[in-house]
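User: Hi! I'd like to understand how the protein and the DNA meet here, and how each label is justified. Could you take me through it?

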2 protein chains.
Amino acid sequence: MKTTRNTTAKTAVLEIFGKSKTALSHTEIYKQIEDVCDRVTVYRILDRLVNDDIVHKIVDLDGTVKYAKCHHHAQRVHIHNHAHFSCEKCLEITCLENVKPSYIMPHNYKVNNINFTLSGLCPNCLNSNI
Amino acid sequence: MKTTRNTTAKTAVLEIFGKSKTALSHTEIYKQIEDVCDRVTVYRILDRLVNDDIVHKIVDLDGTVKYAKCHHHAQRVHIHNHAHFSCEKCLEITCLENVKPSYIMPHNYKVNNINFTLSGLCPNCLNSNI
DNA sequence: AACCAAATTGCAACAATGTTGCGATATTAT
DNA sequence: ATAATATCGCAACATTGTTGCAATTTGGTT
Ligand SMILES: [Zn+2]
Ligand SMILES: [Zn+2]
Ligand SMILES: [Zn+2]
Ligand SMILES: [Zn+2]
């Protein structure tokens, strides 16, 4: 099996995730470690982190792609079925770990994954709007 | 106010939507009318159709952007709060007009819009899998 | 039918985001 | 220390979408 290695660049990316409360785009991450590694390396690190279930990929309503740390719970099988909030003002994307949609599907569909993203104003921007 | 005009290219795009049961990407549309108009024109037509609530824009789990005709119902105010299904095999995106998620949000968020996309196998691909 | 203002188009150029191939380098296990 | 291979840097390419501007087309008016 492929073993995964710890490199300077990977550590730097993980540190950035550690500090951030919101999801981050490739560009946002790369800007913080331009001097550490190449642009392509960041793409490849993100791919690996997603594969290893360390971060998950989020696509918001506009198609912007961001990544956020996974919060591992009791369950062994790790499914990202929580919702995400995309603020129209500050453009930040936040995991809503406790928001899970319920829904009824027609027959004959096999659902493997869901993406539930809400957009609007986050608490910060809502307050500063008053 | 800006009046919107009927052009050859716009008519061609609308005809394509009329024939399709699934959502279409810019590329898919452009391939069918390369000889009618420019690539940029298709982008601009799609923008206008979205603005006029004639089609709606869908972003699937991978970030692919597609467009589908709006089905206008009784309501005057037109909100696209239905779900979409993205097939992992045939890559088609279908509107699930009757699937609407219910959910409970934390306080202090103002929700303006939602994106609920499910992925897996569509009825066609599920059958041909057996 | 001719005219006119404004909406639409084509083209070329640009920007952002992501991918690929390959030789060089760094990491990990032995 | 060594060897196998995972990772990296670089350059090149692909896709998707945007912008400015001059030329054309459209829909309404005379
Ligand atoms: Zn905000
Ligand atoms: Zn999340
Ligand atoms: Zn399918
Ligand atoms: Zn739809």
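User: What makes B:Arg44 and a base of DNA strand C a polar contact?

Analyst: Happy to help, and do keep in mind that this is a predicted model. An N or O atom in the side chain of B:Arg44 is 2.7 Å from a base oxygen of DNA strand C. The cut-off for a pair of N or O atoms is 3.5 Å, so this pair counts as a polar contact.

User: How do you know that backbone atoms of the protein also make polar contacts with phosphate of DNA strand C?

Analyst: The distances tell us. A polar backbone atom of A:Asn6 is 3.0 Å from a phosphate oxygen of DNA strand C, and for B:Arg5 the value is 2.8 Å, again from a polar backbone atom to a phosphate oxygen. Both pairs are within 3.5 Å, so both are polar contacts.

User: Why are B:Thr7 and B:Asp38 said to be near DNA strand C?

Analyst: Being near takes a heavy atom within 4 Å, and B:Thr7 and B:Asp38 belong to the 24 residues around DNA strand C, so the word applies to them. B:Thr41, B:Arg44 and B:Arg48 join these two as the residues that come nearest. On the DNA side, sugar and phosphate make up 62% of the strand C atoms within 4 Å of the protein.

User: Which element gives the most to the surface near DNA strand C?

Analyst: That is H3(B), with five residues. Helix H3 (39-51) of chain B is joined by helix H2 (26-32) and helix H3 (39-51) of chain A in supplying at least two residues each.

User: What makes the contacts of DNA strand D with A:Asp38, B:Asn6 and B:Thr27 polar contacts?

Analyst: Each involves a phosphate oxygen of DNA strand D. The partner is a polar backbone atom at 2.9 Å in A:Asp38 and at 3.2 Å in B:Asn6. In B:Thr27, a side-chain N or O atom lies 3.2 Å away. Every one of these distances is within 3.5 Å, so they are polar contacts. As for elements, H3 of chain A, with H2 (26-32) and H3 of chain B, each give two or more residues to the surface near DNA strand D, and H3(A) gives the most, with five.

User: How are the residues near DNA strand D split by class?

Analyst: There are eight nonpolar, eight polar and eight charged residues. A:Arg5, A:Arg44, A:Arg48 and B:Arg5 are among the residues that come nearest to DNA strand D. Arg counts as charged, so these four fall in the charged class.

Notes: Residues numbered from 1 in each chain as written. Chains lettered and ligands numbered in written order. Predicted model: local features only at pLDDT ≥ 70, side-chain atom pairs only at ≥ 80, totals over all residues. Heavy atoms only, no water. Polar contact = N/O pair within 3.5 Å; in protein donor to acceptor, adjacent residues only side chain to side chain. Helix = DSSP H or I, 4+ residues; strand = E, 2+ residues; numbered from the N terminus.
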